[in-house]
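Visitor: I have a model open and want to go through its charged pairs and cysteines. Can you walk me through them?

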Amino acid sequence: MDVYRGRLTQAFQETAREIADIDDQLQGLALDDTAAEGVDNHPADDSDQLFERERLMTIRGELVDRRLAIQGAMQKLDDGTYGICERCGKPIAPERLEALPFARYCLDCQNILDREGRPRR
């Protein structure tokens, strides 16, 4: 379990850094908007900035979800329930945990949830 805790800790730190990087980029876009006040921008320039802001916000949301999933997996390590599928209660395959250490579902249950169109959260 120490190996998984190390992987989860590393993933948490990497995710936190990625969120901070995106926050910096978003701050830069906001500064660009402030610096351009009073200047007539071409509508295409405005739409490019809007698109970039929306793209970054989408990525940021996914990273926040990932960070929460990692925290949940770390809590499961503490509780002794790590590696147990939340849907069926069976163990999650070590290969799956190797690839995705914060997986909440075994592969069979994840496939069922994906077919049903349920979100992965």
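Visitor: How many residues apart are Glu52 and Arg55 in helix H2, and what is that in helical turns?
Guide: This is a predicted model. Glu52 and Arg55 sit 3 residues apart in helix H2, so about one helical turn separates them. Their side chains meet in a salt bridge, at 2.7 Å from N to O.

Visitor: Is Glu52 buried, exposed or partly exposed? And what about Arg55?
Guide: Glu52 has 24% relative accessibility and counts as partly exposed. Arg55 is partly exposed too, with a relative accessible area of 35%.

Visitor: How many salt bridges does the structure hold?
Guide: The structure holds 6. One of them pairs Asp23 with Arg60, where the closest N and O atoms are 2.5 Å apart.

Visitor: Where in the chain do Asp23 and Arg60 lie?
Guide: Asp23 is in helix H1, residues 2-35, and Arg60 is in helix H2, residues 43-79. The two are 37 residues apart, and the pair links distant parts of the chain.

Visitor: How accessible are Asp23 and Arg60?
Guide: Asp23 is partly exposed at 31% relative accessibility. Arg60 is also partly exposed, with a relative accessible area of 25%.

Visitor: What does Glu86 form a salt bridge with?
Guide: Glu86 pairs with Lys76, and their closest N and O atoms are 2.4 Å apart. Glu86 lies in the loop between H2 and helix H3 (94-99), while Lys76 is in helix H2, so the salt bridge ties together parts 10 residues apart in sequence.

Visitor: Is Lys76 buried or exposed?
Guide: Lys76 is buried, because its relative accessible area of 15% is under the 20% cut-off. Its partner Glu86 is partly exposed, at 39%.

Visitor: Which residues are linked in a network with Lys76 and Glu86?
Guide: Arg104 is linked with Lys76 and Glu86 in a network of salt bridges.

Visitor: Switching to cysteines. How many disulfides are there?
Guide: There are 0 disulfides in the structure.

Visitor: Why is there no bond from Cys85 to the closest cysteine sulfur?
Guide: The closest cysteine sulfur to that of Cys85 is in Cys109, at 3.7 Å, which is too far for a bond. A disulfide needs the two sulfur atoms within 2.5 Å.

Visitor: And Cys88, which cysteine has the closest sulfur?
Guide: That is Cys85, with its sulfur 3.7 Å from the sulfur of Cys88, again too far for a bond.

Visitor: Are Cys85 and Cys88 buried or partly exposed?
Guide: Cys85 is buried, with a relative accessible area of 3%. Cys88 is partly exposed, with 33%.

How values were computed. Residues are numbered from 1 along each chain as its sequence is written. This is a predicted model: local features need pLDDT of at least 70, side-chain atom pairs count only at pLDDT 80 or more; totals for chains, interfaces and linings use all residues. Side-chain values use heavy atoms; hydrogens and water are left out. A salt bridge is a side-chain nitrogen of Lys or Arg within 4 Å of a carboxyl oxygen of Asp or Glu. Helices (H or I, at least four residues) and strands (E, at least two) are DSSP runs, numbered from the N terminus. Buried means under 20% relative accessible area, exposed over 50%, partly exposed in between (1.4 Å probe, protein chains only).
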